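Open the structure in your viewer and keep the selection tool at hand. The tour below goes from stop to stop, saying at each one what to select and what is found there.

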Amino acid sequence: MENKEQIESQIFKLEEKHKDSGQDLSSYLDGLLYQRYLTYRVYIHLDTLLSLQVPRTYFPYEEIFIMHHQITELYFKLILHEQKQFVDHKAQDVDFLIEMARRINSYYEAMISSFRVKIKGIKCTQFLKNRTALSPASGFQSVQNRMMVMYVTPLEHLVNFSERNQYASKSTIEKLYEHVYWKKGAADRTSGENTLTLKQFEYRFTPRLIRISRQLKNNAIYHKYLGLSEEQKNNKRLIKALKTLDINANINWPLIHMGLTRRYLGDEKGQGDATGGANWKEFLPPSFQKNRIFSRIVNQRRVKRLGRTMGRSFVQAA
Ligand code: HEM
């Protein structure tokens with residue numbers, strides 16, 4: 001009997017819901033009757049997911065290469081998901097912000113650990129043959145990787161280091177974007193011209209990244225932190241989580257990627273080109289990019305020291 005009453009009440013609520021949206025409840029119930037039961041495979045689009053690894057060569061290694069990029073893009077997406085929650089959070093609830101920052105850190109750590117496996121797992125000879133088929137595609141064109149840094153810090157902090165002092169927050173977003181650090185990493189090694197890799201990226205993503213920069217003006221994670229009360233800003237757990245985020249984003253992640261790149265492209269004699277023909281050796285090391293999110297809360301000397309030491313150990317590990 002109780003069950004019957006519950007069902008009646010549920011039908012009543014459904015009726016109300018459908019009335020509000022102008023839909024017919026009876027057709028909706030019919031739809032439920034005819035619908036197939038959901039399966040795991042359908043729900044997570046598993047068949048589609050597993051059909052997305054399509055090599056362009058016959059080298060078995062290429063499938064691993066594609067999968068590692070795809071896995072990493074999913075980690076990027078998870079990181080962006082939490083970053084959006086962080087910046088959209090209106091109540092200044094520090095525990096929530098700490099939780100978000102810690103989650104972001106966990107994703108960075110999982111991603112870095114998956115790169116360690118990759119460093120060990122792929123044969124250089126196979127990679128060197130296979131990469132010629134990829135040109136000019138490069139992880140450089142990962143728009144999520146660019147969005148991740150935009151969500152954490154103002155665009156003026158992302159201006160190429162040698163010009164950063166000239167561009168204060170008063171410059172327009174377009175002007176700042178013109179000098180964003182990653183453009184320096186896409187100059188052809190011989191001609192100095194912009195590479196096709198960059199041109200393709202600009203063509204596809206400039207309007208989107210400018211729009212995101214506008215949305216994030218004064219609303220990135222960085223501003224969110226500065227907008228907290230003094231007491232909240234001094235919260236030790238928050239400071240620790242944000243410092244770790246800074247180090248993960250600007251040192252640990254770029255370094256593990258660089259270790260991998262060195263292993264495949266840049267032996268100590270310096271040969272090895274990027275698929276886009278770019279100046280990656282001058283661009284990829286964090287000590288050249290000098291990106292920081294929280295210059296005020298992260299001790300710069302310590303970061304520099306850490307960057308160098310870790311750089312060595314990653315390269316050795318590779
Ligand atoms: C054997 C493996 C890899 C090699 C040799 C490699 C090489 C490179 C090189 C040379 C660049 C500089 C830009 C260029 O000229 O192409 C670059 C940039 C980049 N790669 Fe990779 N990569 C590898 C794996 C990956 C993976 C698995 C990802 C995951 C998505 C990735 C993401 C990126 C990103 C985001 C950048 C831009 C870095 C920045 O601007 O700081 N790479 N990669």
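What follows is a walk through this predicted model, beginning with the whole chain and then turning to single helices, loops and residues.

**The whole chain**

Begin with everything shown as a cartoon: the secondary structure of the protein comes to 16 helices and zero strands. If you colour the chain by burial, buried residues make up 25% of the 318 residues. Among the contacts between residues at least 6 apart in sequence, 75% join residues that are at least 24 apart, and several of the stops below show pairs of residues separated in sequence in this way.

**Helix α5**

Select residues 61-88, which form helix α5. At 1.5 Å a residue, the 28 residues of this helix should span 40 Å, and the distance between its end C-alpha atoms is 41 Å, which agrees. Now highlight E62, F65, T72, I79, Q83 and F86, which are the buried residues of α5.

Within the same selection, pick Y75, a residue of helix α5. Is Y75 buried, exposed or partly exposed? With 19 other C-beta atoms within 10 Å, where 20 or more would be needed to count as buried, Y75 is partly exposed. Leaving aside its neighbours within four places in sequence, Y75 is in contact with Y107, A110 and M111, so add these three to the selection. Y108 is worth adding as well, since Y75 and Y108 are 33 residues apart in sequence but 7.6 Å apart in space, taken from C-alpha to C-alpha.

**From α5 to α8**

Keep α5 in view and add residues 143-152, which form helix α8. The axes of the two helices come within 10 Å and cross at roughly 25°. Because this angle is under 35 degrees, α5 is roughly parallel to α8, and their crossing is left-handed. To see where they meet, show the side chains of E73, F76, K77, I79, L80, Q83 and V87 in α5 together with those of Q144, N145, M147, M148, Y151 and V152 in α8. The residues of this contact divide into eight nonpolar, three polar and two charged. I79 and Q83, which take part in the contact, are also among the buried residues of α5.

**From α8 to α10**

Next, hide α5 and select residues 196-216, which form α10, leaving α8 displayed. At what angle do the axes of α8 and α10 cross? They come within 10 Å and cross at roughly 20°, which makes α8 roughly parallel to α10. Here α8 passes α10 in a right-handed crossing, whereas the crossing of α5 and α8 is left-handed. The contact is made by V143, R146, M147, M150 and Y151 of α8 and by F205, L209, I212, S213 and L216 of α10. By class, this contact has eight nonpolar residues, one polar and one charged. M147 and Y151 of α8 take part here, and they also belong to the contact with α5.

**Loops with backbone features**

Most residues other than glycine have a negative phi, and most peptide bonds are trans. The next selections depart from that pattern.

Go to P136, in the loop between α7 (124-130) and α8, and look at the bond that leads into it: the peptide bond from S135 to P136 is cis, with omega near 0°.

Then move to H45, placed in the loop between α3 (40-43) and α4 (46-50). Although H45 is not a glycine, its phi is positive, at about 55°. H45 is exposed, with 10 other C-beta atoms within 10 Å.

A further example is N218, in the loop between α10 and α11 (221-226), where phi is near 60°, again a positive value in a residue other than glycine. N218 is exposed, with 11 other C-beta atoms within 10 Å.

**Pairs separated in sequence**

Select D95, which has its place in helix α6 (residues 94-121), and Q232. These two are 137 residues apart in sequence and 9.8 Å apart in space, C-alpha to C-alpha. D95 itself is exposed, with 10 other C-beta atoms within 10 Å.

Finish at I256, found in helix α13 (residues 236-264). With 23 C-beta neighbours inside 10 Å, I256 counts as buried. Add S113 to complete the last pair: I256 and S113 are 143 residues apart in sequence and 8.9 Å apart in space, again from C-alpha to C-alpha.

Methods. Residues are numbered from 1 along each chain as its sequence is written. This is a predicted model: local features need pLDDT of at least 70, side-chain atom pairs count only at pLDDT 80 or more; totals for chains, interfaces and linings use all residues. Axes are lines fitted to C-alpha atoms, for helices over the stretch in contact, and angles run from 0 to 180 degrees between N-to-C directions. Helices (H or I, at least four residues) and strands (E, at least two) are DSSP runs, numbered from the N terminus. Angles under 35 degrees count as roughly parallel, over 145 as roughly antiparallel, 65 to 115 as roughly perpendicular and the rest as oblique. A crossing is left-handed if the near helix is turned anticlockwise from the far one by less than a right angle, and right-handed if clockwise. Two residues are in contact if their C-beta atoms, placed from the backbone, lie within 7 Å. Ala, Val, Leu, Ile, Met, Phe, Trp, Tyr, Cys and Pro count as nonpolar, Asp, Glu, Lys and Arg as charged, and the others, Gly among them, as polar. A residue is buried if 20 or more other C-beta atoms lie within 10 Å of its own, exposed if 12 or fewer, and partly exposed in between; C-beta atoms are placed from the backbone. The expected span of a helix is 1.5 Å times one less than its number of residues.
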